[in-house]
Amino acid sequence: MHAIVCIKSVPDTTEVRINPETNTLMRSEVESVISFFDIYAIEEALRLREAHGGRVTVVTMGPPNAVKELREALAMGCDDAVLLCAPEFAGADTLATAYTLSRAIDKLGSYDIVLCGKQAVDGDTGQVGPGIANRLGIPQCTYVFKIRDIDFDRGTIEVERLLEEGREIARTRLPALLTVVKDINQPRFPTFRGIRRARRTEIPTWTGDDLGDDAAPNCFGLDGSATRVIEVFSPPKRKGQVEWIAGDNVQEMASILSDKILAERVV
Amino acid sequence: MALLLIDEEVCTGCGICVEVCPLGALDLVEGVAVVDEKCNACNACVPECPVDALSLPEAVVVAPDLAEYRGVWVWVEQFQGQPCSISWEMLGQGRVLADQLGALLTACVLGVGMEAAAEQAIAYGADRVFIADHPTLRAYRTQPYARVLGDLVREHKPEVFLLGASARGRDLAGSVATLLRTGLTADCTGLEIDPQTRLLRQTRPAYGGNIMATIITPNHRPQMATVRHRVFEVPGIDRSREGEVISVQVELSEEDVATKVVDFLLQEGVVNLADARVIVSGGYGLGGPEGFEPLRELALVLGGAVGASRKAVDEGWIPYPHQVGQTGRTVRPDLYIACGISGAIQHRAGMSTTRVIVAINVDAEAPIFDIATYGIVGDLFQVVPALTEELRRKSGR
């Protein structure tokens, strides 16, 4: 079994502070971390390996510093890691990112399953997973919160997907790409042994030369991106301040609040 | 990896770019701006530079003949044969955009026996409906849906294509946009046409709602976007509207489709958070799973859904599908009642665009009160039942 996990290095939003003056992120002390849902994708791949044998490769496209997140994935137990990092990859939107990752997956050789988080916590798009699946020409199962059955010999998988109305049970063939939600497992922490091993593991860096396709030039980075960000601004602040509901007792407060709610005509 | 170009001769070292950079990628070194690899070419700084020392490289793009692409399309999502209201929201905004462009609004209805939905789409504003009726399209599946829509787009060339940002909508949009090698902007909260260029200006939150970005797709078509639930209103229905319904030939066989939907486990008796007009949500202050009981009572009286903070979900008090926030669902009800929720930034990212927010918390300093419309400092176990009783009495439920 060969599982490939695509992860993203993102600013740690739990550390993010907003500058109350400018309403932008405070620039200092923003550490990078593995994007939240990607940790669940790593864990699920490790569980598949524990149940079925094989290996887990983790891939990311990002700045040189993203090697820190790859080492963390290795410390959790992934076998190999690859960093996709080159000037030509910069400025990639989801179209170009999915292309670059799919080229890397192709280069990694045969695989049974590709796992991603349902979306990254910075961009929140959830588009890269489906984009990779489409480029690779393999089925996708998004928002997976349970693998009910997987049979690598027969090449089939059955999953539960979390949709608005409930849970869909879908069956498809392998190799397939899954994007996972948080409820799928409880991720482990890196072990000391894992951390030591991760430090020793060599992480290759692949560039456009390693992944390029002469038939399709300019598919990486800004050149390969269809979208352009033309403006960035602070979100409009909520108007006004909180109106405190006070009263001599709970009944009185509840009565005032119920009148306010009914006056808003939302019910 | 930084893309930003800084003209060191021109830079005066004023530091404005350092201030506005949302990623902290810029710094001043010896009186000149320098950029590091955290830069993602977001363009926040370039227009702010008073001396025009900053620039981003222009992309090398071979533009197709964009004038061929005309019209606005909307995908009408269905679940078990019933169209989803988010699609009518898309048609409402699609109508606005089509009128601005002086173009047709087209709805795409895929499924089995969806004629009524096609008529509804016209009543909600579509000029034309493509209806693809085929057994492989009965339940939504990525591959056949992407294939049918991809073929239709290639043949008819719309300039704008909108999908609801539901789980299925995002699953499909990512696949179709890649198939068509075009741009896709997820979870838009604003869509407007630039009258000069006819380009779709797509505005969306990023970094957990801390930043808003306006995005365009200048050289690829269609310009694809998904929009979250309840960002736009469901338009008024006009049964007298007329439109054209066109049947689409579908050349698919079940053997070509790898994925089978085996079953669907409906969440019984639970109001879908995404569609809910009212959400009563509980956090760590509930103290345990039984703490949700009074919230359920209140939700019942208000006809709303029950939400939860990440802490309450992590404690195992309520299942994950109820989680609101950056790592759960983003919601946009008309009324959100936060009970015992402190209001961490990640939670606020998932609900702060709600019109009316009520916060009930024992801690008057809780950050949830910063965004609340109405606040009560008090014990939720006393306030919530009293509020439920008052609302029941006054609304006659």
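# Questions on a two-chain model

Tutor: Start at the strand level. In this predicted model, A:W244 has B:G375 of β22(B) as its bridge partner.

Student: How do you know that β13(A) and β22(B) pair?

Tutor: Two strands count as paired when DSSP finds at least two bridges between them. β13(A) and β22(B) have 2 bridges, in the parallel sense. The criterion is met, so the two strands pair.

Student: How many residues does each chain bring to the contact?

Tutor: Chain A brings 85 residues and chain B brings 95 residues. Eight elements of chain A each give at least two residues to the side touching chain B, among them α3 (94-107), β7 (140-151), β13 (243-244) and α7.

Student: Which element gives the most to the side of chain A that touches chain B?

Tutor: α7(A), with 10 residues. Sorted by class, that side of chain A holds 40 nonpolar, 24 polar and 21 charged residues.

Student: What covers the buried residues of α10(B)?

Tutor: The cover includes α7 (250-263) of chain A. From chain B it includes α6 (292-302), β20 (335-339), β21 (356-361) and β22 (374-377). Elements of both chains take part in this cover.

Student: Which residues of α10(B) are buried?

Tutor: They are B:L380, B:V383, B:V384, B:A386, B:L387, B:T388, B:E390 and B:L391. A residue is called buried when 20 or more other C-beta atoms lie within 10 Å of its own.

Student: How do you know that the span of helix α10 (residues 380-395) of chain B agrees with its number of residues?

Tutor: Take 1.5 Å a residue. The 16 residues should then span 22 Å. The end C-alpha atoms are 21 Å apart, so the two values agree. Just after α10(B) comes B:G396, with a positive phi of about 70 degrees.

Student: What does the span test give for helix α1 (residues 36-52) of chain A?

Tutor: The expected span for 17 residues is 24 Å, and the end C-alpha atoms lie 25 Å apart, which agrees. A:G53 follows α1(A), and its phi is positive, near 80 degrees.

Student: Why is α1(A) called largely enclosed by the rest of the structure?

Tutor: Count its buried residues. They are 12 of 17, so the helix is largely enclosed by the rest of the structure. Among them are A:F36, A:F37, A:I39, A:I42 and A:L48. A:D38, A:E43 and A:E44 are buried too.

Student: Which residues touch the most other members of the largest nonpolar core?

Tutor: A:V5, A:I42 and B:A121, in a core of 157 residues. The largest share of this core comes from α1(A), with 9 residues. Domain 1 (5-55) and domain 2 (66-253) of chain B each add at least three residues. Leaving out residues up to four places away in sequence, B:A121 touches B:V76, B:L91, B:A107, B:V109, B:A126 and B:V129. Another core, of 50 residues, lies apart from the largest one, and B:L391 is among its members.

Student: What domains does the assignment give for chain B?

Tutor: It gives domain 1 (5-55), domain 2 (66-253) and domain 3 (278-395). The C-alpha centres of domain 1 and domain 3 of chain B are 42 Å apart.

Student: How many helices and strands does chain A have?

Tutor: Chain A has 7 helices and 13 strands. Its C-alpha atoms fill a box of roughly 70 × 40 × 40 Å along the principal axes. Of its 267 residues, 53% are buried.

Key
Residues numbered from 1 in each chain as written. Chains lettered and ligands numbered in written order. Predicted model: local features only at pLDDT ≥ 70, side-chain atom pairs only at ≥ 80, totals over all residues. Helix = DSSP H or I, 4+ residues; strand = E, 2+ residues; numbered from the N terminus. Expected span 1.5 Å × (residues − 1). Contact = placed C-beta atoms within 7 Å. Nonpolar A, V, L, I, M, F, W, Y, C, P; charged D, E, K, R; others polar. Core = buried A, V, L, I, M, F, W, Y, C linked by C-beta atoms within 7 Å. Domains from an automatic or database assignment.
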